[in-house]
Amino acid sequence: AVKDMAEELVKLYAHRQEQNGFAYDEDSVWQREFEELFPYEETEDQLRAIEDTKRDMQSKKIMDRLICGDVGYGKTEIAIRAAFKAVENGKQVVVLVPTTILAQQHYNTFKSRMINFPINIGMLSRFRTPAQQKAVLAGLEKGEVDIVIGTHRVLSKDVEYKNLGLLIVDEEQRFGVAHKEKIKQMRENIDVLTLTATPI
């Protein structure tokens, strides 16, 4: 099974390497303003990770970047800045997390960081009523929801994106085999940023 999975991954990454990805614009005035609103002092490692991520996004290569750091290291801020860049370039972003609690935490963080900007953020998890989920699904399909944060619910068949450009996966190793299969299908030709506190 491991051999089969390794073969599939090699094929997937070879396919991704052959394709051209979307090349994002360099930082805009809005991006710089947004980053200046970060209430903490960035660490050297954090700044390097942000620069590397942006360089990947601005190149024609499809991004596959793993950000590894302990809890409190500032991985979420790296993801937030990448998401902001994607949305500013007209792309949608999906943030996939393993638990409803983490989905809520990320949703609160993204909302508070982006409060001064016209970015529509939705959440899909068990904490949302069917009516709320329906509204988010319709918004994603029409392109009205820019960023969706959710558990494996975002991998369901009824979730359709108008122009998905960036997949952010938090703690991928905590997802099961079936979910990983769906994540793999999603990442065929979009930029992927993976965050983890566990070296893989």
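In the predicted model, helices H3 and H4 cross with a right-handed sense. Helix H3 spans residues 44-58 and helix H4 residues 75-88, and the two pack at an angle of about 30° with their axes 10 Å apart. Because angles under 35 degrees count as roughly parallel, H3 and H4 are classed as roughly parallel to each other. On the H3 side, the contact is made by Gln46, Ala49, Ile50, Thr53, Lys54, Met57 and Gln58. Helix H4 contributes Glu77, Ile78, Arg81, Ala82, Lys85 and Ala86 to this contact. By class, the residues of the H3 and H4 contact comprise 6 nonpolar, 3 polar and 4 charged.

Both helices also take part in the largest nonpolar core, which has 33 residues. Within this core, the residues with the most contacts are Val93, Phe110, Met114, Ile147, Leu166, Ile168 and Leu193. At least two residues of the core are supplied by each of H3, H4, strand S2 (92-96), helix H5 (100-113), strand S3 (121-124), strand S4 (147-150), strand S5 (164-170) and strand S6 (191-196). The most is given by H4, with 8 residues. The surroundings of Val93 were examined with neighbours within four places in sequence left aside. Under this condition, Val93 is in contact with Ala83, Ala86 and Val87, with Asp146, Ile147 and Val148, and with Leu164, Leu166 and Ile168.

A second core, separate from the largest one, has 19 residues, including Leu155, Leu167, Met186 and Val192. Two of these residues, Leu155 and Leu167, are in contact with Ile183. Ile183 lies in helix H7 (residues 177-186), and its relative accessibility of 0% places this residue in the buried class. With neighbours within four places in sequence left aside, the further contacts of Ile183 are with Leu96, Val169, Glu172 and Phe175. The pairing of Ile183 with Leu96 joins positions 87 residues apart in sequence, whose C-alpha atoms are 9.2 Å apart in space.

A buried polar residue was identified in helix H5, namely Thr100. The relative accessibility of Thr100 is 11%; since the buried class covers values under 20%, Thr100 is assigned to that class. Residues up to four places away in sequence not being counted, Thr100 touches Ser125, Arg126, Phe127 and Thr151.

Terms used: Residues are numbered from 1 along each chain as its sequence is written. This is a predicted model: local features need pLDDT of at least 70, side-chain atom pairs count only at pLDDT 80 or more; totals for chains, interfaces and linings use all residues. Side-chain values use heavy atoms; hydrogens and water are left out. Axes are lines fitted to C-alpha atoms, for helices over the stretch in contact, and angles run from 0 to 180 degrees between N-to-C directions. Helices (H or I, at least four residues) and strands (E, at least two) are DSSP runs, numbered from the N terminus. Angles under 35 degrees count as roughly parallel, over 145 as roughly antiparallel, 65 to 115 as roughly perpendicular and the rest as oblique. A crossing is left-handed if the near helix is turned anticlockwise from the far one by less than a right angle, and right-handed if clockwise. Contact means heavy atoms within 4.5 Å. A nonpolar core is a set of buried Ala, Val, Leu, Ile, Met, Phe, Trp, Tyr and Cys residues joined through side-chain atoms within 4.5 Å. Buried means under 20% relative accessible area, exposed over 50%, partly exposed in between (1.4 Å probe, protein chains only).
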